[in-house]
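This report covers one protein chain, from single residues to helix packing and overall composition. The sequence and the structure come first.

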Amino acid sequence: KTPKTWIHGDTRKVVYPTDSHGQFCGQQGTPNANKAILFYFNILQCPSLRGTHYAILYWEYYRQFCKPGFDNPRKVQRPDASSQILQRCFPDFITRNGTLTVANKTDFKDGLGKTRSVIDLRDAANGITSLLDAKEVGMKIFEDYASSWYWILLGLVITMVVSLAFILLLRFTAGVLLWLIIFGVIAVVGYGIWHCYWEFSTLRGKPHSDGDVTISDIGFQTDFRVYLQLSQTWLILMISLSVIEAVIIVILIFLRRRVRIAIALLKEGSRAIGYIMSTLFYPIITFVLLAICIAYWAVIAVFLASSGDAVYKVMSTQDKCMYANLTCDPEKFSQTNVTMVCPGSQCTFAFYGGESLYHHYIFVLQLCNLLVFLWLVNFTIALGQCTLAGAFASYYWALRKPQDIPSCPLFSSFSRAVRYHTGSLAFGSLILAFVQMFRIVLEYLDHKLKGAHNAFARFLICCLKCCFWCLEHFIKFMNRNAYIMMAIYGKSFCTSAKDAFFLLMRNVVRVAVLDKVTDFLLFLGKVLISGSVGVLAFFFFTRKIPVIQEEVPSLNYYWVPLLTVIFGSYLIAHGFFNVYAMCVDTLFLCFCEDLERNDGSPLKPFYMSPQLHRILRREQGSKLYASS
């Protein structure tokens, strides 16, 4: 049976404009088949231009925008210059000295004989002006993307190659590369501090410069180069980078021994990935599945938003018409007695929708669609985590590496996850989806209460947002470890979550230090790769590379492709390093489980590699030395 969403929905209502009668513009089989562009009149010009020669002058052209049967050119206002976007033309409201220019008259009468004040329309016109300004900026951004898309794509390809090369090098020289990352980040941040200080001193020392002008004085500017001329900008950047530098150095001083252990775990992870290279390309499968989820959600949302037929209401010029605002049928309206009881009444298009139970619960259905979307996204991510965990667990629990590693471990793990663990993955994903849905509702309530004067309500919402943020991150952490235990032992979600929780509690020090230090080092790798590509893109788009200055496209805002390259580079690096993070987390849980189940004797040998065994002996030796 076809769902009601597909039956009632019509995506044309979202894509194509409609006139005042609810008829599509430029669509075959409609009265507007030859009128593809919808024109919005500048209503503020109506009072001052009614009956002037402008109306007659523009009548021959703009009659195509009037409703059928309209033949009085003196009632046509003079439209200002307009521009088209998505088959819609918006008039450009003229502004002088930042103030909207409106008609000289204070009020006028509309088509129903009611007096409307021009001042009442000022707020609406200001909103339209803001919309047009945003449209102009959006068009410039679109032009920048159109002229620089191939350079953006080249930057992302460079990021992919660098990330892949980095991981391959990490397999052989994990320790050296990771220390290079640490000192490289420290050096880059240090150079940033020096450069900010140099720019700050230069701007301060220039006579008649903008050094004393603050950011609040100039407000928001779309051209970010304006802020680079202010000494306050460089001072803020210098202080921020100094704080970051101090935090990194303090962390390294107090956790230097744990950093060595984390490096050893990454070396072990690099060996595991070296034996199972196919895991590096699994994020592509996750990306495809997520794209399908997003597309499915978007299609359902559009069909729900466009559900319903054209609804017509009785419009009357009489204030006390008993049929006013009642639903009517335009084809049978002339056969009724409405026009006799209320002379001048018309059956006019009101909106798209309906009055059935289905149409009254469209908003609830949109929320359900959002919940299903969150569920599918979390399930896709959970499937990837369980698949990677199963593949890396098969590496760890192989007594002789690589001889005992099963063939095609990634495909085998994916098959087991789909065949045996679909219900467990769906259950864990559903719990997380409910929490995320509740957070979205809280954000909506917080947005609605921003203008409220009830301080207690705002405080309560803020506390709930904080609590559910913590709850979401805790559930993500527990789900991730539960999926690892599920991939190792094949138990249910609840049992795996319980076993993972108590295993982590018995090794809480290692969890708090080793796991987080590893995450920190991987984060530094992402920052170094995306930052390096971002610096290269900055010098390219600002024409500071003399060799290829002529190849740089002409841009309205150079920060548009620059931010796109930086953000895209970080996402690509995140995808590659996510595999590494999952590998280290899996090996860490297997390592803890191996210590509890085995003692290294011939009957119960350790499954860990000799390198990890040496690290364990060093850690135990340092503990014995400290206790003595």
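Which residues does T422 touch, not counting residues up to four places away in sequence? In this predicted model, T422 touches F379 and A417.

**T422 and the helix pair α13/α15**

T422 lies in helix α15. With a relative accessible area of 34%, T422 falls between the cut-offs of 20% and 50% and is therefore partly exposed. The side chain of T422 reaches the backbone oxygen of V418 at a distance of 2.4 Å. Along the chain, T422 and L383 are 39 residues apart, and their C-alpha atoms are separated by 8.1 Å.

T422 also belongs to a helix-helix contact. On the α15 side, the residues involved are T422, L425, A426, S429, L430, L432, A433, F434, Q436, M437 and I440. They meet L367, L370, L371, L374, W375, N378, F379, A382, L383 and C386 in α13. Helix α13 spans residues 362-396 and helix α15 spans residues 422-448. The angle between them is about 135 degrees, so α13 and α15 are oblique to each other. Their axes are 8 Å apart, and α13 passes α15 in a right-handed crossing.

**The helix pair α16/α17**

A second packed pair is formed by helix α16 (residues 455-489) and helix α17 (residues 493-506). The axes of α16 and α17 come within 8 Å and cross at roughly 105 degrees; the two helices are therefore roughly perpendicular to each other. From α16, the contact is made by F477, M478, N479, N481, A482, Y483, M485 and M486. From α17, the contributing residues are F493, S496, A497, D499, A500, F501, L503 and L504.

**R480 and S163**

R480 is found in helix α16. Its relative accessibility is 16%, which is under the 20% cut-off, so R480 counts as buried. Leaving out residues up to four places away in sequence, R480 touches Q385, A581, M582 and D585. With D585 there is a polar contact between the two side chains, at 2.7 Å.

S163 is placed in helix α6, which covers residues 118-205. S163 is buried, and its relative accessible area is 0%. A polar atom of the S163 side chain lies 2.8 Å from the backbone oxygen of T159. Beyond its neighbours within four places in sequence, S163 is in contact with I529, A573 and F576.

The polar distances of the three residues are set out below.

| Side chain | Partner | Distance |
|---|---|---|
| T422 | V418, backbone oxygen | 2.4 Å |
| R480 | D585, side chain | 2.7 Å |
| S163 | T159, backbone oxygen | 2.8 Å |

**The whole chain and its confidence**

The secondary structure of the protein comes to 20 helices and ten strands. Of the 628 residues, 39% are buried. Among contacts with a separation of 6 or more, 69% join residues 24 or more positions apart.

The mean pLDDT of the protein is 75, and 71% of the residues reach 70 or more. Over residues 43-56 the pLDDT is below 50, and this stretch has 28 contacts in the model beyond near neighbours in sequence. Over residues 72-83 the pLDDT also stays under 50, and here the model has 42 contacts beyond four places in sequence.

Methods: Residues numbered from 1 in each chain as written. Predicted model: local features only at pLDDT ≥ 70, side-chain atom pairs only at ≥ 80, totals over all residues. Heavy atoms only, no water. pLDDT = per-residue confidence, 0-100. Contact = heavy atoms within 4.5 Å. Helix = DSSP H or I, 4+ residues; strand = E, 2+ residues; numbered from the N terminus. Buried < 20%, exposed > 50% of the residue type's maximum accessible area, 1.4 Å probe, protein only. Polar contact = N/O pair within 3.5 Å; in protein donor to acceptor, adjacent residues only side chain to side chain. Axes fitted to C-alpha atoms, helices over the stretch in contact; angles between N-to-C directions. Parallel < 35°, antiparallel > 145°, perpendicular 65-115°, else oblique. Left-handed = near helix turned anticlockwise from the far one by under 90°.
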